[in-house]
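Visitor: Could you take me through this protein step by step? I would like to begin with what the word "buried" is supposed to tell me.

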Amino acid sequence: MASKLRVDFARISLGYYNWVEVREMMLRRSSILFALVFVAISVAACAQPPAPQLPNTAAWGYYGSKGPSNWGRLDPAYSACSKGKDQSPIDIRGTKTDRALKPIEFHYLSGPVTLFNTGNTIQGIVGPGSYIVANGVRYDLQQFHFHRPSEHLVKGKVSDLEIHLVHKSADGKFAVIAVRVNEGRVNGSLAAIWPSLPKAPGATAPIRDPFNPLGLLPTDRAYWTYTGSLTEPPCTEGVQWFVLEDGTELAGDQLSAFAAIYQDNARQVQDPHGRKVESSE
Ligand SMILES: [Zn+2]
């Protein structure tokens, strides 16, 4: 009984069950202990996504003395930005298909999202429970954000926008899914977010309706993958990148609405230093 209860607790805290199912389980088991667990989790789960935190490292940006060419000098914590040999983004070319690469499993949940203007982009901070499994490793979704124009190039070609969905594994490794977006039809998922974009640095805004980040992805999720870095300070390396080969679209006025807040927040492509990009198909 005790071990069974522990398993249920873990699954609930990861968002596997909805509240109706949990309540039914509670009634079935008629367990005082289980009731206490339910109350404790209910209090925790009603919370919005974690509050955004500004790092206590040097301010950086995309222009002038705080711009990308100076990031490595702004703070010792940012030294990888100038000294790293596995930096991102890159220009994707000369890719090789690796049949052993598996499709990414997406396990994203609909839930509350808080938008946060970091001063360099707009981040969507998600609650716990959404994750991917990429080549056998589970990575939990932490946040998604936007770059204009795209950071990754494909054979030298830039896209109008790039979405980064940032994930972290239990042992602290990052995996980022990149979606390139070009001007075209209205993007329904972005339409759910765009009216709430917080314009001032430091500002936050909740999205009123439950949001599923799956809507940000194209239907075909074949990908290019390589090992790189975060594309902003501290430029941490060891990041597994999954740049989706297919892109999505957004309307011209959706693009302008983002550009009105961040006109240019893309790091330039970095030297691949011999790194190879593999394609899943
Ligand atoms: Zn990014």
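Guide: A residue is called buried if 20 or more other C-beta atoms lie within 10 Å of its own, and exposed if 12 or fewer do. Please keep in mind that this is a predicted model.

Visitor: Is Phe116 buried or exposed, then?

Guide: Phe116 is buried, because 24 other C-beta atoms lie within 10 Å. Phe116 belongs to strand β4, which covers residues 113–117.

Visitor: Which residues does Phe116 contact?

Guide: Leaving aside neighbours within four places in sequence, Phe116 is in contact with Pro52, Gln123, Ile125, Pro198 and Thr204. Take Pro198 as an example: 82 residues separate Pro198 from Phe116 along the chain, yet their C-alpha atoms are separated by 6.7 Å.

Visitor: How many of the contacts in the whole protein join residues at least 24 apart?

Guide: If one considers contacts between residues at least 6 apart in sequence, 68% join residues at least 24 apart.

Visitor: And how much of the protein is buried?

Guide: Of the 281 residues, 32% are buried. The protein contains seven helices and 15 strands.

Visitor: Let us look at the strands. What does β7 pair with?

Guide: One partner is strand β5 (residues 122–126), which is joined to β7 by three bridges and runs antiparallel to it. In that pairing, Gln123 stands opposite His145 of β7. Strand β6 (residues 131–134) is also antiparallel to β7, with four bridges between them. There, Ile132 faces Tyr139 of β7.

Visitor: How many residues lie between β6 and β7 in their hairpin?

Guide: Two residues lie between the strands of that hairpin, and Asn135 has a positive phi near 50 degrees.

Visitor: How many bridges link β7 and β9?

Guide: Eight bridges link β7 and β9, again in the antiparallel sense. Phe146 stands opposite Ile163 of β9 in this pairing.

Visitor: Now a helix, please. Which residues of α7 are buried?

Guide: In helix α7, which spans residues 252–259, Gln254, Leu255 and Phe258 are buried. They lie on the same side of α7, because they cover an arc of only 100 degrees around the axis.

Visitor: Why would residues a few places apart in a helix point the same way?

Guide: An α-helix has 3.6 residues a turn, so residues three or four places apart point the same way.

Visitor: What is on the other side of α7?

Guide: The other side of α7 has the exposed residues Gly252, Asp253 and Ser256.

Visitor: What do the buried residues of α7 pack against?

Guide: The buried residues of α7 pack against β7, β9, β10 (174–183), α6 (188–193) and β14 (248–250). Two of these elements, β7 and β9, are the strands joined by eight bridges.

Visitor: Changing topic: where are the cis peptide bonds?

Guide: One cis peptide bond runs from Ser88 to Pro89, with omega near 0 degrees. Pro89 is in the loop between α5 (80–83) and β1 (91–92). Another cis bond joins Pro233 and Pro234, where omega is about 10 degrees. Pro234 lies in the loop between β12 and β13.

Visitor: Why point these out?

Guide: Most peptide bonds are trans, and most residues other than glycine have a negative phi.

Visitor: Which residue in the loop between β12 and β13 has a positive phi near 55 degrees?

Guide: Cys235 has that phi value, and Cys235 is in the loop between β12 and β13. Cys235 counts as buried because there are 26 C-beta neighbours inside 10 Å.

Visitor: And Lys155, is that one buried or exposed?

Guide: Lys155 is exposed, because 9 other C-beta atoms lie within 10 Å. Lys155 is in the loop between β8 (153–154) and β9, and phi of Lys155 is positive as well, near 50 degrees.

Visitor: One last residue: where is Tyr223?

Guide: Tyr223 is in strand β12, residues 223–229. Tyr223 is buried, because 22 other C-beta atoms lie within 10 Å.

Visitor: What does Tyr223 touch?

Guide: Not counting residues up to four places away in sequence, Tyr223 touches Ile104, Phe242, Val243, Leu244, Glu245 and Ser280. Furthermore, the C-alpha atoms of Tyr223 and Val277 are 10.0 Å apart, while the two residues are 54 apart in sequence.

Key:
Residues are numbered from 1 along each chain as its sequence is written. This is a predicted model: local features need pLDDT of at least 70, side-chain atom pairs count only at pLDDT 80 or more; totals for chains, interfaces and linings use all residues. Two residues are in contact if their C-beta atoms, placed from the backbone, lie within 7 Å. The arc is that of the directions from the helix axis to the C-beta atoms. Two strands pair if DSSP finds at least two bridges between them.
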